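Biologist: I have a new structure to get to know. Can you walk me through it?

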Amino acid sequence: MSAPVVLRVAATPAFPALVLRPWSMEDVAALVEVSRDPALRRWVNSAVDDDADGARWVRAQQRGWAAGERFGFAVLETQPASVRDQLVGNVVLKEVAPGRPVAEVGYWTAAHARGRGVASRALEALTDWAFDTFEADGLERLELLHQVDNLASCRVAQKCRYDFDTVLPAAPPSFPRDGHLHIRRADA
């Protein structure tokens, strides 16, 4: 992907519009702030404790875009009266390769934005973009994995029509508990 990709999700009567765009170094301070949440830290694989960690994490997202194999989007909530959009989450499409029929999606939501449909709305936008962009290269299905005790992620998967497929055994240290595999097909 040579051109920057920005995805927009319209506002609803209950929730503001969302903008999904590649991560930038200007996001580091907000990333560090939302990463302090113990609930978020429970589910993510890499801890962001300070600005140096945040900068490393953002650079890793940027390298994924440059390589064309991992597309991480900062999810921002737009407020009409606000000068700056507020970071509310992250969605990612990973393990994308021409001719490969499957890729993986992931997401997280900042504590202050939970319960407002951020993850499901952002995941729907990412899913549509992934199939629109990569189906001609052979992408047939997207996989979503989460730990079995992450009930919120399970609800997001179901809401976004990612069908439950199987229980995956734990694979410590990255995945210390059993997981759920959900699948969404291009024709769903």
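Modeller: We can go through the fold, the spaces inside, the aromatic rings and a few backbone oddities. Keep in mind that this is a predicted model.

Biologist: Fine. How many helices and strands does the chain have?

Modeller: There are five helices and eight strands. Along the sequence, the pattern reads β-β-α-α-α-β-β-β-α-β-α-β-β.

Biologist: What radius of gyration does the chain have, and what would a compact globule have?

Modeller: The chain has 16 Å. A compact globule of 188 residues would come out near 16 Å, so the two agree. The C-alpha atoms fill a box of roughly 40 × 35 × 35 Å along the principal axes.

Biologist: And what share of the residues is buried?

Modeller: Of the 188 residues, 46% count as buried. As for contacts with a separation of 6 or more, 60% come from residues 24 or more positions apart.

Biologist: On to empty space. How much of it lies in the largest pocket?

Modeller: About 1,100 Å³. The lining takes in 44 residues. Closest to the centre are Trp43, Tyr107, Trp108, Asn150 and Ser153.

Biologist: Which helices and strands supply at least two residues each to that lining?

Modeller: On the helix side, they are helix 2 (38-43), helix 3 (51-67), helix 4 (118-134) and helix 5 (151-159). On the strand side, they are strand 4 (86-94), strand 5 (102-109) and strand 6 (141-147).

Biologist: What is the lining of the largest pocket like by class?

Modeller: It has 21 nonpolar, 14 polar and nine charged residues.

Biologist: What about cavities? How many are there of 30 Å³ or more?

Modeller: The count is one cavity. The largest cavity holds about 40 Å³ of space.

Biologist: Which residues line the largest cavity?

Modeller: From the earlier part of the chain come Glu95, Val96, Ala97, Pro98, Arg100, Val102 and Ala103. Then come Phe134, Asp137, Gly138 and Leu139. By class, that lining has seven nonpolar, one polar and three charged residues.

Biologist: Phe134 catches my eye. Let's do aromatics. How many aromatic pairs does the structure hold?

Modeller: Nine. One of them joins Phe71 and Phe134, and that pair is tilted. The ring centres are 5.5 Å apart, with 35 degrees between the planes.

Biologist: Where do the two partners sit in the chain?

Modeller: Phe71 is in strand 3 (residues 70-77) and Phe134 is in helix 4. They are 63 residues apart, so to speak of a link between distant parts of the chain is fair.Biologist: Are those two rings buried or exposed?

Modeller: Phe71 counts as buried because its relative accessibility is 1%. Phe134 is at 9%, so it counts as buried too. The cut-off for buried is under 20%.

Biologist: What other ring pairs with Phe134?

Modeller: Trp129 does, and that pair is edge-to-face. The centres are 5.6 Å apart and the planes are at 90 degrees. Trp129 is buried, as is Phe134.

Biologist: Which residues form one aromatic cluster with them?

Modeller: Trp65, Phe71, Phe73, Trp129 and Phe134 form one cluster.

Biologist: New topic. Where is Arg116 found?

Modeller: Arg116 is in the loop between strand 5 and helix 4. With 23% relative accessibility, Arg116 counts as partly exposed.

Biologist: What does Arg116 touch?

Modeller: Leaving out residues up to four places away in sequence, Arg116 touches Phe15, Glu77, Val88 and Arg121. As for Asn90, its C-alpha atom is 14 Å from that of Arg116, and the two are 26 residues apart along the chain.

Biologist: Now the backbone. Which peptide bond is cis?

Modeller: The one from Pro172 to Pro173, with omega near 5 degrees. Pro173 is in the loop between strand 7 (163-168) and strand 8 (179-185).

Biologist: Back to Glu95 from the cavity lining. What is its phi?

Modeller: The phi of Glu95 is positive, about 65 degrees, although Glu95 is not a glycine. It sits in the loop between strand 4 and strand 5. At 42% relative accessibility, Glu95 counts as partly exposed.

Biologist: And what about the phi of Arg161?

Modeller: Arg161 has a positive phi of about 65 degrees, and it is not a glycine either. Its place is the loop between helix 5 and strand 7. Arg161 counts as partly exposed, at 43% relative accessibility.

How values were computed. Residues are numbered from 1 along each chain as its sequence is written. This is a predicted model: local features need pLDDT of at least 70, side-chain atom pairs count only at pLDDT 80 or more; totals for chains, interfaces and linings use all residues. Side-chain values use heavy atoms; hydrogens and water are left out. On a 1 Å grid over the protein atoms alone, a cavity is a set of points where a 1.4 Å probe fits but cannot get out, and a pocket is an open set with protein on both sides within 12 Å along at least five of seven lines; lining residues have an atom within 4 Å of a point. Grid points are joined across faces, edges and corners, and a volume is the space filled by probe spheres set on the points. Helices (H or I, at least four residues) and strands (E, at least two) are DSSP runs, numbered from the N terminus. Ala, Val, Leu, Ile, Met, Phe, Trp, Tyr, Cys and Pro count as nonpolar, Asp, Glu, Lys and Arg as charged, and the others, Gly among them, as polar. Rings of Phe, Tyr and Trp (its six-membered ring) pair if their centres lie within 6.5 Å; planes under 30 degrees apart count as stacked, over 60 as edge-to-face and the rest as tilted. Buried means under 20% relative accessible area, exposed over 50%, partly exposed in between (1.4 Å probe, protein chains only). The radius of gyration is taken over C-alpha atoms; the globule rule is 2.2 Å times the number of residues to the power 0.38. Contact means heavy atoms within 4.5 Å.
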